[in-house]
Amino acid sequence: MNLATPRKAWLLMSLGAAVALNLTLGEFRSGQLSLFLSLAVLAVSLDLVWGQAGILSLGQLLPFGVAAYLSAKLSIAQPTLGLVAVFGSVVVGAAVSYLVGLAAFRRRLSLIVVGLLTFMLSLMFEQIAEQWRDVTGGFTGLTGVPRLNIFGYQTSDRGQDLVISVVAILAIGAVAWLVSRPFGAVLIGIRENERRMEACGYHVTHLKIWTFTLGGAIAGLGGTLYVHRTGFVSPGIFGFTLATNVVLWTLIGGRGTVVGPVVGTLLINFLSAALADAWLQYWVLATGLIFIVAVILVPQGLVPALLGLVGRPARKTLEPDLVERPVDERDERASPIIDASNIEKRFGSFTVLADISLQMETPELRCLIGPNGAGKTTFLDLLCGQQSHQEGDVSLLGHRLTSKPAWQFARHGISRKFQAPQVIDPLTVAENIAIAAWGPTAWPLALAAQSWSAQVAQGSLQVLSQTGLDARLNDAAGELSHGEKQWLEIAMAMAGDCRVLLLDEPTAGMTVAESLRAAELLRQLHSDFDLPILIVEHDMAFIRAVADRVTVLARGALLADGTVDVVESDPAVRAVYLGQAH
Amino acid sequence: MVGRRADHRLRSKRKGSVFVVDALTSEILNGVGSFATLAIVALGLGIVFGLMGVINLAHGEFVMVGAYVAFMVQEAGRSHWLAIPIAAIVLLLLGGMIELALIRRIYQRPELTILATFGLSIVLRQLAELIFTKDFRSVVNPVPGATPALGVLYPTYRFVLIAVAVTVVVVTLLTFTRSQFGLTVQAIVADRELAESAGIRTSVVNSLAFGIGAATAGVAGALVAPLGAVEPQIGLTYLPGAFLVVIVGGVSRLWGVVLGAGIVAAVQTGAIHFADAVLAQIVSLLLAVVVLQFGRSSRSGLVA
């Protein structure tokens with residue numbers, strides 16, 4: 001199936017329509033069209049960061065406005081610099097967003113705080129632009145920006161409109177292409193579940209910064225198109241009105257789709273142009289009301305809502321090919337497999353883990369048990385970088401990984417399944433597996449070029465086929481039952497080059513029969529692939545069926561260690577479980 | 001930024017004035033004035049954000065409504081002193097109603113509250129424009145003249161503003177930290193469902209908390225009205241500064257807002273004194289970024 005064809009057809013139709021409208025519409029209307037298309041580029045840049053990657057940017061006007069000022073400055077100083085101004089705008093837009101991204105994403109600020117920070121930055125740039133008169137022209141801004149000059153050729157009004165429309169449509173098409181690639185699925189993963197993506201080996205912070213930078217570049221392009229169309233720029237370009245409007249267009253059209261924000265931008269702007277002359281004040285009031293009503297009634301936006309009415313999904317799924325990964329010649333497995341020594345973990349003054357050491361020398365199936373609050377999940381978190389600790393060292397497969405981020409653990413083959421199953425709900429089962437398989441080797445640029453197929457480890461395919469998930473590859477993961485999600489997540493954990501598997505309560509919510517079946521499957525994976533597995537569990541029947549060896553934690557300390565029989569007969573273990581005095 | 005108009009006005013008055021002022025002392029007094037305004041504006045934002053997790057982008061418009069209340073009280077021929085409690089009551093009711101009609105539908109989705117209050121701010125501003133037009137309205141200063149203090153003459157009304165703002169901030173903080181009501185609110189913050197099953201009517205408490213947040217903004221609006229022009233956009237002047245305070249001070253403890261206001265006012269006043277307004281903006285931006293990089297968590301700022 002060639003997915004590119006309908007997209008190309010759309011692109012050619014849009015370009016054709018833009019040319020036709022430019023030739024047939026009057027000077028005024030065709031000018032409006034190019035102006036609104038330059039704003040649509042801004043809306044699409046917001047959609048990329050917010051709709052796709054889930055970064056609430058209320059300051060998308062920042063790269064847009066800085067680029068507009070730069071373009072105006074350059075073009076006024078030397079009209080033949082037109083094209084330099086365009087390229088410079090893209091670069092400066094990217095640079096501005098990169099800096100904001102560094103400040104916003106390195107510290108995992110919450111969605112809300114990022115929104116607040118970007119919004120505040122934009123409003124403050126408005127005030128700086130007002131006050132820095134020498135450079136920005138103060139309140140009046142910069143006027144008399146000449147029309148685009150392309151290699152010494154001065155465009156006419158109408159010619160410039162055509163250039164702006166075509167460039168805008170190409171830019172929007174490029175974003176649509178990019179998010180239809182595996183890169184788009186990865187952005188959805190980041191939007192839905194950053195923790196899962198890190199556990200798959202994605203450097204989430206890095207990806208967010210680069211996506212935000214790309215959004216800035218696109219907004220910068222929008223800014224230079226916009227300023228060439230309007231011929232002037234003033235501090236209002238950073239201001240509250242435009243900042244809120246672009247969010248409104250994206251929201252109304254439908255974030256998470258590329259067509260939605262374009263439709264929203266054109267619809268609302270043509271409407272407001274038609275109504276504004278007679279009804280300006282009421283129209284602005286109406287936009288406020290539309291905002292409120294849209295948020296409450298159609299938070300997903302018009303385009304997805306309309307597509308939903310005719311029974312079509314807003315997003316086309318990828319249907320990636322899952323190919324069995326050739327078994328590579330593994331280097332001799334480093335020993336010990338797990339070596340955690342003298343771990344101490346505190347939350348404030350509360351010590352969760354005190355001087356814990358745990359070694360696994362040969363590939364075994366080990367269970368970690370203990371009463372609630374013993375520190376089992378915290379300990380598992382430390383073994384895969386989900387949390388950091390104060391004292392002690394963690395080495396896996398001979399790599400010292402103490403205090404390294406989770407994605408680096410994943411890249412060394414340490415895979416984790418969380419207690420409550422964490423899968424990417426809007427993506428299909430196959431997409432979830434593909435994302436997990438790409439994760440350990442993914443870099444932002446490579447993701448854009450990533451093909452439709454994923455090389456999936458044999459163990460992962462085995463889990464899919466033995467649990468019946470292979471028949472549901474194209475169903476959304478969100479539609480699976482709790483038990484199926486558990487298995488999907490285990491299959492995800494094994495999709496890459498998994499060398500150590502950490503499972504947190506894999507049988508939670510399963511019936512007795514199901515958990516015995518799970519024990520059987522895990523033992524089979526263990527023996528087929530010589531896979532070391534560490535399982536946190538409560539269920540003694542499951543543990544008896546599965547474990548080679550059991551380690552017992554109680555109140556953050558190591559209580560016992562040995563075979564199931566040894567541990568079960570240990571008086572100290574019986575005491576903590578049954579509450580006997582000892 | 002905050003009180004920018006007011007500062008301009010004060011400065012221009014000073015230039016050709018009969019006051020003999022010691023520049024540094026009056027800058028310090030300006031800083032205290034800007035601290036009081038920042039604190040009272042940011043307080044409501046901090047209450048609503050910290051306690052309810054809602055970013056209220058219409059908070060500046062609550063300040064604007066408060067300023068127009070002061071204008072209407074004057075038009076009705078009443079004293080400005082009456083305007084302050086009236087603004088508080090009007091905004092308490094308005095805030096409570098907005099919580100009932102809008103905010104409570106979207107508590108679960110923080111990003112939607114941002115967008116809905118975006119819309120709300122547009123509606124409030126546009127209604128003000130329809131009712132009062134864009135014209136600059138002025139509220140007459142009830143206590144013109146200046147009072148000598150620390151060897152300089154300083155406008156009397158600014159002392160009044162500082163006194164009232166500080167009182168309102170302290171009383172509100174005590175209400176939220178020391179009273180039975182404050183305890184109830186804290187229980188809801190800690191665990192909404194548990195509080196509800198313990199018999200607390202969370203919906204009433206939420207409306208009231210949102211209303212009180214709005215009321216403090218109303219008082220701020222009425223207080224600053226005589227300092228500059230009253231117009232529909234006035235709220236936007238106060239919003240970035242208030243956000244900055246919330247980021248710097250953090251919202252995990254409400255007192256953080258007061259300390260945050262102190263830090264922001266000191267930094268801005270200092271930057272304006274030693275350089276100019278553009279630098280003050282840039283320094284404030286850097287301050288916010290630095291706090292976000294080194295704060296312990298996104299809910300805590302430098303101080304709380």
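## The E15–E16 hairpin

In chain A, E15(A) and E16(A) make a hairpin with two residues between them, and A:Arg555 in the turn has a positive phi of about 45°. Strands here are DSSP E runs of at least two residues, helices are H or I runs of at least four, and both are numbered from the N terminus. E15 (residues 549–554) and E16 (residues 557–562) run antiparallel and are joined by five bridges; a pair needs at least two DSSP bridges. Across from A:Thr551 sits A:Asp561 of E16(A).

This is a predicted model: local features need pLDDT of at least 70, side-chain atom pairs count only at pLDDT 80 or more, and totals for chains, interfaces and linings use all residues. Residues are numbered from 1 along each chain as its sequence is written, while chains are lettered from A and ligands numbered from 1 in the order in which they are written.

## The sheet around it

The hairpin belongs to an open sheet of six strands in chain A, ordered E11-E13-E14-E8-E15-E16, with mixed pairing. E11 (414–417) and E16 are the edge strands, each pairing on one side only.

E13 (residues 500–504) and E14 (residues 533–536) of chain A run parallel, joined by four bridges. There, A:Leu502 has A:Leu534 as its bridge partner.

## Where chains A and B meet

Helix H5 of chain A (residues 111–131) and H5 of chain B (residues 110–132) cross at roughly 30°, their axes coming within 9 Å. That makes the two roughly parallel, a label for angles under 35 degrees. Axes are lines fitted to C-alpha atoms, for helices over the stretch in contact, with angles running from 0 to 180 degrees between N-to-C directions.

Key
Angles under 35 degrees count as roughly parallel, over 145 as roughly antiparallel, 65 to 115 as roughly perpendicular and the rest as oblique.
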